[in-house]
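Here is a short report on a protein model, written for someone who likes to know the cut-offs. Take a look at the structure first, and then we can walk through it together.

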Amino acid sequence: GRDRKRQNEEETPTASQEKKAKTKDAPMTSKKQTAVVEGVLTDQQMCESSVFEREVEVEVECFAPHDEHSWVNIGKERADAVQYARALRPPYHLLSFLRMKEHSTKGMSCTEKNTMVFVVMEGEIRVVLPDTQFSAKKGDSFYILPKIYYDLINDKARDAELSIIQSQYDGPLSAIPTVHPAPIVDS
């Protein structure tokens, strides 16, 4: 009797095991998924606890159709000349899009705590950094490190669209010098 009960208990999956199995094998029917995020405790929390790391489950959007994005006007010269849309926000990252109408400029910005990776999806833009500037056309990609000032300029007679992935830097920002822009020289 006892051996049979133990055998049945071993064969019966727990609720969390069933949930994990369903998550792995089931087709995606939701636009959300659960992500396990590791967090590091503060010095104060470490002094008060013997646990140094913790895991937290959060529900995040994992699918964002391009035609359902909410576009926000962020243009500094003409309000509708530059538009921004947030797409996905996986832990510690952000995927967004930037639309620039012909002959428009995003305006000088600083990356702050983010490394920003850009992919030009349509058109061509000029990237202005403190020590250099270059053109990036459809299919090109580039990145900008934390605390760097930059500008994106669409000099062409055609609209441009970029995909942007931001990854947040988690170290001390005082270790990274802020790089200010050099004067822009139009060519």
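## Starting at a strand pair

Let's begin with one bridge: Val 119 has Ser 141 of β11 as its bridge partner. The strands involved, β8 and β11 (residues 141-144), run antiparallel and are joined by 4 bridges. Strands here are DSSP runs of E with at least two residues, helices are runs of H or I with at least four residues, and both are numbered from the N terminus. Two strands count as paired if DSSP finds at least two bridges between them.

This is a predicted model, in which local features need pLDDT of at least 70 and side-chain atom pairs count only at pLDDT 80 or more, while totals for chains, interfaces and linings use all residues. Residues are numbered from 1 along each chain as its sequence is written, and side-chain values use heavy atoms, leaving out hydrogens and water.

## The six-stranded sheet

β8 (residues 114-122) also pairs with β13 (residues 160-168), antiparallel and through 8 bridges. Within that pair, Met 116 is matched with Gln 166 of β13.

Both pairs belong to an open sheet of 6 strands, ordered β3-β4-β5-β13-β8-β11 with antiparallel pairing. Its edge strands are β3 (72-73) and β11, each pairing on one side only. At the β3 end, 2 bridges connect β3 to β4 (residues 82-88), again antiparallel, and Asn 73 has Gln 83 of β4 as its partner.

## A nonpolar patch

Val 117 lies in β8 and is partly exposed, at 33% relative accessible area. Buried means under 20%, exposed over 50%, and partly exposed in between (1.4 Å probe, protein chains only).

Together with Tyr 143, Leu 145 and Ile 165, Val 117 forms a nonpolar surface patch of about 370 Å² accessible area. Patch members have over 30% relative accessible area and no salt bridge; nonpolar side chains (Val, Leu, Ile, Met, Phe, Trp, Tyr) are joined within 5 Å, like charges within 9 Å. A salt bridge puts a side-chain nitrogen of Lys or Arg within 4 Å of a carboxyl oxygen of Asp or Glu.

## The whole protein

Overall, the protein has 3 helices and 13 strands, and 29% of its 187 residues are buried. The accessible surface (Shrake-Rupley, 1.4 Å probe, with only the protein chains shown as cover for residues) is about 13,000 Å², 51% of it from carbon and sulfur atoms.

No disulfides turn up: the search of the whole structure finds 0, taking a pair of cysteine sulfur atoms within 2.5 Å as the criterion. Cys 62 is partly exposed at 21%, whereas Cys 110 counts as buried at 18%.
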